[in-house]
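Welcome! Here are a few exercises to work through with the structure in view. Try each task before reading its solution.

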Amino acid sequence: MKTKKRMLSIILAAVMIISMLPIATHAVEPVFSDMPDNWSTAALKHAVENGLLQGSDGKLMPDDNLTRAQMATIIVRAFGATKKGNISHYTDIKATDWYADNMAIAYQMGII
């Protein structure tokens with residue numbers, strides 16, 4: 001009985017030590033053809049890593065003006081909000097637009 005407890009203790013200790021070892025992962029970092037090489041690069045890479053920016057067609061378009069839909073999407077992602085408001089009175093937003101859900105959430109948040 002004493003040997004079984006000792007063996008169980010050794011196995012349990014080994015499992016605990018192994019579970020604390022880091023696991024190597026190979027995350028694929030998205031590549032954007034228009035990623036700048038200037039003062040904004042680090043911030044843009046962090047925004048991509050954190051899921052705030054996803055780009056479109058392999059581009060981030062860092063030199064383009066930010067649209068209302070893009071800004072609403074970034075804010076919704078940053079706050080992790082999910083509750084949608086009624087945006088039917090916005091005639092320039094169709095339910096099929098890629099940003100429609102994010103605009104509805106941003107509206108509920110009171111930011112548009």
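## Exercises on charged pairs and overall form

At 47% relative accessibility, Lys84 counts as partly exposed. Keep in mind that this is a predicted model.

**Exercise 1. Find the side chain that meets Lys84 in a salt bridge, and say where the two residues lie.**

Step 1. The side chain of Lys84 pairs with that of Asp101, at 3.1 Å from N to O.

Step 2. Lys84 sits in the loop between helix 3 and helix 4, while Asp101 belongs to helix 4, so this salt bridge ties together parts 17 residues apart in sequence.

Step 3. Asp101 is partly exposed, with a relative accessibility of 45%.

**Exercise 2. Work out how many salt bridges the whole structure has, and describe the one made by Asp92.**

Step 1. A search of the whole structure gives 2 salt bridges.

Step 2. Asp92 meets Arg68 in a salt bridge, with 2.5 Å from N to O.

Step 3. This pair links distant parts of the chain: Arg68 is in helix 3, Asp92 is in the loop between helix 3 and helix 4, and they are 24 residues apart.

Step 4. Now look at accessibility: Asp92 has a relative accessible area of 44% and is partly exposed. Arg68 is partly exposed too, at 37%.

**Exercise 3. Explain why Asp97 has no salt bridge, and find a backbone atom close to its side chain.**

Step 1. Locate Asp97 in the loop between helix 3 (68-79) and helix 4 (100-109).

Step 2. Asp97 is buried, and its nearest side chain of opposite charge, Lys94, is 4.8 Å away.

Step 3. A salt bridge needs the nitrogen within 4 Å of the carboxyl oxygen, so Lys94 at 4.8 Å does not qualify.

Step 4. The backbone of Lys94 offers another partner: its nitrogen lies 2.8 Å from a polar atom of the Asp97 side chain.

**Exercise 4. Decide whether the protein chain is a compact globule or more spread out.**

Step 1. Begin with the secondary structure: there are 4 helices and 0 strands, in the order α-α-α-α along the sequence.

Step 2. The radius of gyration is 23 Å, well over the 13 Å that the globule rule gives for 112 residues, so the chain is more spread out than a compact globule.

Step 3. Next, take the dimensions: the C-alpha trace spans about 75 × 40 × 20 Å along its principal axes.

Step 4. Finish with burial and surface. Buried residues are 22% of the 112 in the protein chain. The accessible surface is about 9,100 Å², and carbon and sulfur atoms supply 60% of that.

Definitions and conventions:
Residues numbered from 1 in each chain as written. Predicted model: local features only at pLDDT ≥ 70, side-chain atom pairs only at ≥ 80, totals over all residues. Heavy atoms only, no water. Helix = DSSP H or I, 4+ residues; strand = E, 2+ residues; numbered from the N terminus. Buried < 20%, exposed > 50% of the residue type's maximum accessible area, 1.4 Å probe, protein only. Lys, Arg positive; Asp, Glu negative; His and termini not counted. Polar contact = N/O pair within 3.5 Å; in protein donor to acceptor, adjacent residues only side chain to side chain. Rg over C-alpha atoms; globule rule 2.2 N^0.38 Å. Areas by Shrake-Rupley, 256 points an atom, 1.4 Å probe, with all protein chains shown as cover.
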